[in-house]
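User: I would like to go through this structure by question and answer. Please keep the replies short and end each one on the value or name I ask for.

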Amino acid sequence: MSVARVTEISATSPQSFDDAVAKGVERASETLRNVTGAWVKEQRVQVGNGKVSEYQVNLMVTFILED
């Protein structure tokens, strides 16, 4: 039997939502051991001069707790 924990993180990218997700998962995996998945809880954009300047995602990251 395993027990998992879920933690929320926020990640941004000037390129796309997909890039923000990838950066968030990559960074979480550097700090957390046993990351098994993530889901996007929220998406939003920053707007400057009438254009999207930054994409932001809030991710719920799941990782397995060690014994």
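The exchange below covers strand pairing, the core, the surface and the salt bridges.

User: What kind of model is this?

Analyst: Please read every value below as computed from the coordinates. The model is predicted.

User: How many bridges join β2 to β3, and in which sense do the strands run?

Analyst: Strand β2 covers residues 35-48. One pair in this ladder sets V35 opposite F63. Another matches V45 with Y55 in β3. The two strands run antiparallel, and the number of bridges joining them is 12.

User: Over how many bridges does β1 pair with β3?

Analyst: Strand β1 spans residues 4-13. Within it, T7 has V61 of β3 as its bridge partner. The pairing of β1 and β3 is antiparallel, and the number of bridges is 10.

User: Which element gives the largest share of the largest nonpolar core?

Analyst: The core has six residues: A11, A20, A28, V57, L59 and V61. Two elements give two or more residues to this core, α1 (17-31) and β3 (51-64). Three residues make up the largest share, and they come from β3.

User: Which residues does A11 contact beyond its sequence neighbours?

Analyst: A11 is itself one of the core residues. Set aside everything within four places in sequence. The contacts of A11 are then A20, G24, Y55, Q56 and V57.

User: Is M60 buried or exposed?

Analyst: M60 sits in strand β3. Beyond four places in sequence, M60 touches V6, T7, E8, G37, A38, W39 and K41. Its relative accessibility is 15%, and the cut-off for burial is under 20%, so M60 counts as buried.

User: How far apart in space are M60 and S2?

Analyst: M60 belongs to β3. In sequence, M60 and S2 are 58 residues apart. From C-alpha to C-alpha, their separation in space is 18 Å.

User: What accessible area do M1, V3 and L65 have together?

Analyst: L65 lies in the segment after β3. L65 is partly exposed, at 39% relative accessible area. With M1 and V3, L65 forms a nonpolar surface patch, and the accessible area together is about 370 Å².

User: What is the phi of N34?

Analyst: N34 is in the loop between α1 and β2. At 36% relative accessibility, N34 is partly exposed. Most residues other than glycine have a negative phi. In N34 the value is positive, near 65°.

User: Which residue takes a positive phi in the hairpin of β2 and β3?

Analyst: This hairpin has two residues between the strands. The residue in question lies in the loop between β2 and β3. Its relative accessibility is 82%, which counts as exposed. The phi is about 55° although the residue is not a glycine, and the name is N49.

User: How many salt bridges does the whole structure hold?

Analyst: One of them joins K41 and E8. Others include K23 with D19 and E42 with R44. A search of the whole structure gives a total of five.

User: How many residues apart in sequence are the parts tied together by K41 and E8?

Analyst: The side chains of K41 and E8 meet at 3.2 Å, N to O. K41 is in β2 and E8 is in β1, so the salt bridge ties together parts whose separation in sequence is 33 residues. E8 is partly exposed, with a relative accessible area of 37%. The separation asked for is therefore 33 residues.

User: In the pair of K23 and D19, which residue is buried?

Analyst: K23 and D19 are four residues apart in helix α1, about one turn. The closest N and O atoms of the pair are 3.4 Å apart. K23 has 40% relative accessibility and counts as partly exposed. The other partner has a relative accessible area of 19%, so the buried residue is D19.

User: What is the N to O distance between E42 and R44?

Analyst: E42 is partly exposed at 35% relative accessible area. R44 is partly exposed as well, at 39%. Their side chains meet in a salt bridge, and the N to O distance is 3.1 Å.

Notes. Residues numbered from 1 in each chain as written. Predicted model: local features only at pLDDT ≥ 70, side-chain atom pairs only at ≥ 80, totals over all residues. Heavy atoms only, no water. Core = buried A, V, L, I, M, F, W, Y, C linked by side-chain atoms within 4.5 Å. Buried < 20%, exposed > 50% of the residue type's maximum accessible area, 1.4 Å probe, protein only. Contact = heavy atoms within 4.5 Å. Patch = residues over 30% accessible without salt bridge, like charges linked within 9 Å, V, L, I, M, F, W, Y side chains within 5 Å. Areas by Shrake-Rupley, 256 points an atom, 1.4 Å probe, with all protein chains shown as cover. Salt bridge = Lys/Arg side-chain N within 4 Å of Asp/Glu carboxyl O. Pairing = 2+ DSSP bridges.
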